[in-house]
Amino acid sequence: MMSIMQARIGRERQRYQDHLRLVAGCIPFKFEKIADGHTRNPQSRLLVLMISSPNRDDLVFPKGGWENDETVEEAACREALEEAGVRGILGENHIGEWEFRSKSKQNNCSLEGGCRGYMFALQVTEELESWPEQALHDRKWLTPKDAFKLCRYDWMREALTKFLTSLPEDNMNEIREELVEISIMAAAKERSILSSEWVGKTSVMQHLEGSCNKVTVQA
């Protein structure tokens, strides 16, 4: 049995499907009590846990390769322990699945580096003082809004949004405002992407028109 204080390395047992590396991860979360001094019953706020990577300012949720001697649920829990040093209660069903490219192949045009990730919600019940990849990853509790801003990948932002909307109805009042703000930020980001694409297409069209005019003049 693998020691919980030693991270797995290598990809000898890595699962693949349709030429995609299978990955499991989770969004660790907790509800933190807030005493405002005016009411007997303290309010609570939702926090999610993200981890850092060396030489990067942005953050990610814990994730890693799903291996052939474990279930996808076991893989998600293992990655949370190895990378973030937390244990907890894993959601019965995954939040969703996303296809993306590994960080080392982001700018590569080949099929190499493709991944299919399965993300779960993990309600944290224990935070370890030391964990296997502590030297590589710091952990940080954030509000969902701040997590959305600092998230490295768009697909992780989608996973965060889906996680929030899947919470039980009795938790919705606590996150309703943040959901609205996240929706606004997501819409703004989408507009920015569309605007960039339009500028790029316009630039290409202007270049082509200029080339055509040059050909006409030479003729």
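A pocket, as the word is used here, is an open set of grid points with protein on both sides within 12 Å along at least five of seven lines, and its volume is the space filled by probe spheres set on those points. By that reckoning, the second largest pocket of this structure has a volume of about 260 Å³. Please keep in mind along the way that the model is predicted.

Let us start with the chain as a whole. Its secondary structure comes to four helices and eight strands. Read from the N terminus, the elements follow the order β-β-β-β-α-β-β-β-β-α-α-α. The chain has 219 residues, and buried ones make up 39% of them. If you look at contacts between residues at least 6 apart in sequence, 68% of these join residues at least 24 apart. The accessible surface comes to about 13700 Å², and 51% of that belongs to carbon and sulfur atoms.

Now back to the second largest pocket. Its lining is made of 16 residues, and those nearest its centre are Phe29, Gly91, Ala121, Phe163 and Leu167. Strands S2 and S7 (114–127) each supply at least two residues of this lining, and S7 gives the most, with three. Sorted by class, the lining has nine nonpolar, six polar and one charged residues.

Two names from that pocket are worth following: Phe29 and Phe163. The whole structure holds five aromatic pairs. The rings of Phe29 and Phe163 have their centres 5.2 Å apart and their planes at 50°, so this pair counts as tilted. Phe29 sits in strand S2 and Phe163 in helix H3 (residues 154–165), so the pair ties together parts that are 134 residues apart in sequence. Are these two residues buried or exposed? Buried means under 20% relative accessible area. Phe29, at 7%, therefore counts as buried, and Phe163, at 1%, does so too. Another aromatic pair, Phe100 and Trp155, is stacked, with 4.2 Å from centre to centre and 10° between the planes. Phe100 belongs to strand S6 and Trp155 to helix H3, so to speak two distant parts of the chain, 55 residues apart. Both Phe100 and Trp155 are buried. Ring pairs also link Phe29, Phe31 and Phe163 into a cluster.

From this cluster we can step to a neighbour, Leu46, in strand S3 (residues 43–51). With a relative accessible area of 2%, Leu46 is buried. Leaving aside residues up to four places away in sequence, Leu46 touches Phe29, Phe31 and Phe163, and its other contacts include Leu142, Pro144, Leu167 and Ile175. Leu46 and Glu178 are 132 residues apart in sequence, while their C-alpha atoms are 9.9 Å apart in space.

The largest pocket comes next. About 680 Å³ of space lies in it. What lies nearest its centre? Among the 33 residues of the lining, Arg11, Arg21, Lys63, Gly64 and Glu83 have that place. Strand S2 (20–34), strand S4 (63–65), helix H1 (72–84) and strand S6 (96–101) are the elements that give two or more residues to this lining. H1 gives the most, with four. By class, the lining of the largest pocket has twelve nonpolar, eight polar and 13 charged residues.

Finally, let us visit some loops. Asp57 lies in the loop between S3 and S4. Exposed means over 50% relative accessible area, so Asp57, at 76%, counts as exposed. Asp57 and Arg152 are 95 residues apart in sequence, and 8.9 Å separates them in space, C-alpha to C-alpha.

The loop between strand S1 (16–17) and S2 holds Asp18, and His19 is found in the loop between S1 and S2 as well. What is notable about their backbone angles? Most residues other than glycine have a negative phi. Asp18, however, has a positive phi of about 55°, and His19 has a positive phi of about 65°; neither Asp18 nor His19 is a glycine. Asp18 counts as exposed at 56% relative accessibility, and His19 is exposed with a relative accessible area of 79%.

Terms used:
Residues are numbered from 1 along each chain as its sequence is written. This is a predicted model: local features need pLDDT of at least 70, side-chain atom pairs count only at pLDDT 80 or more; totals for chains, interfaces and linings use all residues. Side-chain values use heavy atoms; hydrogens and water are left out. On a 1 Å grid over the protein atoms alone, a cavity is a set of points where a 1.4 Å probe fits but cannot get out, and a pocket is an open set with protein on both sides within 12 Å along at least five of seven lines; lining residues have an atom within 4 Å of a point. Ala, Val, Leu, Ile, Met, Phe, Trp, Tyr, Cys and Pro count as nonpolar, Asp, Glu, Lys and Arg as charged, and the others, Gly among them, as polar. Buried means under 20% relative accessible area, exposed over 50%, partly exposed in between (1.4 Å probe, protein chains only). Contact means heavy atoms within 4.5 Å. Accessible areas come from the Shrake-Rupley method with a 1.4 Å probe; for residues, only the protein chains shown count as cover. Rings of Phe, Tyr and Trp (its six-membered ring) pair if their centres lie within 6.5 Å; planes under 30 degrees apart count as stacked, over 60 as edge-to-face and the rest as tilted.
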